[in-house]
Amino acid sequence: MDKKTLKQFEKALTLRRTELQGAYRDKLSRSGDAGADGALDPADEASVNYNKEFWYALSDADRQTMRLIDEALRGIQNGTFGECSHCGKPIQRKRLEAVPWARHCLECQDLQERGLIE
Ligand SMILES: [Zn+2]
């Protein structure tokens with residue numbers, strides 16, 4: 001995958017991540033539980049160190065998405081982005097455009113949905 005394309009995916013991933021963070025930051029501040037330690041700064045590169053309130057406020061699905069986004073962003077850093085984590089083949093471009101944090105190619109996604117692989 002060329003650098004320009006990677007950059008685009010990185011941008012899409014970062015944006016989605018910021019959206020998720022933003023949505024929950026609003027929720028937290030409305031409920032008066034916001035951690036005022038600045039841990040939710042979207043510019044903060046320490047992506048795994050969310051504060052606890054934030055992490056627990058996320059729905060399971062969003063938590064999972066956050067994990068996958070972080071994983072995908074790491075993949076961009078170390079050059080494995082776009083490879084299926086199960087079979088190692090390139091994930092279909094269309095699939096990545098729809099879901100940039102996809103871990104599996106379509107075939108393996110199907111296996112995963114049927115509970116045959118992780
Ligand atoms: Zn695969």
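# A helical chain and its nonpolar core

In this predicted model, the largest nonpolar core consists of 12 residues: Phe9, Leu13, Met66, Ile69, Ala72, Phe81, Ile91, Leu96, Trp101, Ala102, Cys105 and Cys108. Two elements, α1 (3–31) and α3 (60–78), each supply two or more residues to this core. The greatest contribution comes from α3, which gives 3 residues. Because domain 1 (1–81) and domain 2 (82–118) both give residues to the core, it lies between them.

The core belongs to a protein chain with 5 helices and 0 strands. Along the sequence, the pattern of the protein chain reads α-α-α-α-α. Of the 118 residues in the protein chain, 18% are buried. Among the contacts in the protein chain with a separation of 6 or more, 48% join residues 24 or more positions apart.

Confidence should be considered before the details. The protein chain has a mean pLDDT of 84, and 81% of its residues reach 70 or more. Helix α5 (residues 106–113) has the highest confidence in the protein chain, at a mean of 96, and helix α2 (residues 52–57) has the lowest, at 76. Over residues 34–48 the pLDDT stays under 50, and the model has 17 contacts beyond four places in sequence for this stretch. Where pLDDT is low, the predicted coordinates should not be read in detail.

Helix α3 merits a closer reading. At 1.5 Å a residue, its 19 residues should span 27 Å, and the C-alpha atoms at the ends of α3 are 27 Å apart, so the two values agree. The buried residues of α3 are Met66, Ile69, Ala72 and Gly75. An α-helix has 3.6 residues a turn, so residues three or four places apart point the same way. After α3 comes Gly79, which has a positive phi, near 80°.

Within helix α3 stands Ile69. Ile69 counts as buried because 20 other C-beta atoms lie within 10 Å, and the threshold for a buried residue is 20 or more. Beyond its neighbours within four places in sequence, Ile69 is in contact with Leu13, Arg16, Arg17 and Trp101. Ile69 and Trp101 are 32 residues apart in sequence, yet their C-alpha atoms are 5.1 Å apart in space. Leu13, Ile69 and Trp101 are among the residues of the core.

Ahead of α3, Ser59 occupies the loop between α2 and α3. Ser59 is exposed, since it has 10 other C-beta atoms within 10 Å, where 12 or fewer is the limit for an exposed residue. Ser59 and Tyr24 are 35 residues apart along the chain, and their C-alpha atoms are separated by 9.6 Å.

The loop between α3 and α4 (93–98) holds Cys84. Cys84 counts as partly exposed because it has 19 C-beta neighbours inside 10 Å. Leaving out residues up to four places away in sequence, Cys84 touches Lys89, Ile91, His104, Cys105 and Cys108. Among these, Ile91, Cys105 and Cys108 are residues of the core. Cys84 and Gln109 are 25 residues apart in sequence, with a C-alpha to C-alpha distance of 9.2 Å. Cys105, in turn, touches Cys84, Cys87, Lys89, Ile91 and Gln92, again not counting residues up to four places away in sequence.

The final part of this account concerns Ile117, which is found in the segment after α5. Ile117 is partly exposed, because 14 other C-beta atoms lie within 10 Å. Apart from its neighbours within four places in sequence, Ile117 is in contact with His86, Cys108, Leu111 and Gln112. Between Ile117 and His86 there are 8.1 Å in space, C-alpha to C-alpha, although the two are 31 residues apart in sequence. One of the contacts of Ile117, Cys108, is also touched by Cys84 and is a residue of the core.

How values were computed:
Residues numbered from 1 in each chain as written. Predicted model: local features only at pLDDT ≥ 70, side-chain atom pairs only at ≥ 80, totals over all residues. Helix = DSSP H or I, 4+ residues; strand = E, 2+ residues; numbered from the N terminus. Contact = placed C-beta atoms within 7 Å. pLDDT = per-residue confidence, 0-100. Core = buried A, V, L, I, M, F, W, Y, C linked by C-beta atoms within 7 Å. Domains from an automatic or database assignment. Expected span 1.5 Å × (residues − 1).
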